[in-house]
Amino acid sequence: GNLMKELRPFSEHPSGPLTALCTDIFTKILLAGSKEGYIIRWNIASYLEDSRNKKSKIKEELCWRAHATEVVDLFIEEEKNVIATASIDGSVRLWHARTGYYFGYFGQARTFELSDTSRLILPSDVKDFSAIIKEESQHTEKKEVLYPLRLDRDK
């Protein structure tokens, strides 16, 4: 976890230095864990297919707070669509890979219900809801201002 502690991600969220990285089997998704307990998911497929093309980008898809302390390891299980995260606080937690919904932690009394992602629950030490990053729109429309601001020296 300390090997990459000075590597800071380009992210829309203040996630801190990265401490853990992993990819899916096909190297289309990159997952990173941070010192502040965040998990960030990037889509790297278009960039890896043609990295010389300026239009191919690494797109941040999802960022959420998984732990209150540093993430030391993470793993994606693609068949079940689950991410397992581990922290220095000693907890190992399960999350939905596409939405960041919390399934539970290893050692809990109840069984994991991996099919139900409709109800949002969070670990007791995490208060931040999952944040989905939307893709930027390809074209922006110019809006005409009907009443522009003007300096009125009399007022």
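## A walk through the fold, core first

Of the 155 residues in this protein, 35% count as buried. Keep in mind that you are looking at a predicted model. Switch to cartoon view to start: the secondary structure comes to 1 helix and 9 strands. Follow the chain along its sequence and the pattern reads β-β-β-α-β-β-β-β-β-β. For contacts between residues at least 6 apart in sequence, 38% join residues at least 24 apart.

**Stop one: the largest core.** Select Leu-31, Ile-39, Trp-64, Leu-74, Ile-76, Ile-83 and Trp-95, and show their side chains. These have the most contacts inside the largest nonpolar core, which has 15 residues. Now colour strand 1 (18-23), strand 2 (29-34), strand 4 (59-65) and strand 5 (71-77): each of them supplies at least two residues of this core. Which strand gives the most? That would be strand 5, with 3 residues. In soluble globular proteins, nonpolar side chains tend to be buried together.

**Stop two: Ile-83.** Centre on Ile-83 and hide its neighbours within four places in sequence. What is Ile-83 in contact with once those are set aside? You should find Leu-31, Trp-64, Phe-75, Ile-76, Arg-93, Leu-94, Trp-95 and Ala-97.

**Stop three: the other core.** Next, pick Leu-18, Ala-32, Tyr-38 and Cys-63. They are among the 7 residues of a second, separate core.

**Stop four: the cysteines.** While Cys-63 is on screen, add Cys-22. Are they buried or exposed? Cys-63 has 2% relative accessibility, so it counts as buried. Cys-22 comes in at 14%, and because the cut-off for buried is under 20%, it counts as buried too. Don't go hunting for a disulfide, though: the structure holds 0 of them.

**Stop five: a pocket.** Turn on the surface and select Asp-24, Phe-26, Lys-28, Ile-29, Arg-41, Ile-76, Glu-78, Asn-81, Ala-97 and Arg-98. Together they line the second largest pocket, whose volume is about 170 Å³. Colour the lining by class and you get 4 nonpolar, 1 polar and 5 charged residues. Ile-76 may look familiar: it is one of the residues with the most contacts inside the largest nonpolar core, and here it is again in the pocket lining.

**Last stop: Ile-25.** Finish in the loop between strand 1 and strand 2, where Ile-25 is found. Ile-25 has a relative accessible area of 67%, so it is exposed. Draw a C-alpha to C-alpha distance from Ile-25 to Glu-78: they are 53 residues apart in sequence, and 8.0 Å apart in space. Glu-78 is also one of the residues that line the pocket from the previous stop.

Note on methods:
Residues are numbered from 1 along each chain as its sequence is written. This is a predicted model: local features need pLDDT of at least 70, side-chain atom pairs count only at pLDDT 80 or more; totals for chains, interfaces and linings use all residues. Side-chain values use heavy atoms; hydrogens and water are left out. A disulfide is a pair of cysteine sulfur atoms within 2.5 Å. Buried means under 20% relative accessible area, exposed over 50%, partly exposed in between (1.4 Å probe, protein chains only). On a 1 Å grid over the protein atoms alone, a cavity is a set of points where a 1.4 Å probe fits but cannot get out, and a pocket is an open set with protein on both sides within 12 Å along at least five of seven lines; lining residues have an atom within 4 Å of a point. Grid points are joined across faces, edges and corners, and a volume is the space filled by probe spheres set on the points. Ala, Val, Leu, Ile, Met, Phe, Trp, Tyr, Cys and Pro count as nonpolar, Asp, Glu, Lys and Arg as charged, and the others, Gly among them, as polar. A nonpolar core is a set of buried Ala, Val, Leu, Ile, Met, Phe, Trp, Tyr and Cys residues joined through side-chain atoms within 4.5 Å. Helices (H or I, at least four residues) and strands (E, at least two) are DSSP runs, numbered from the N terminus. Contact means heavy atoms within 4.5 Å.
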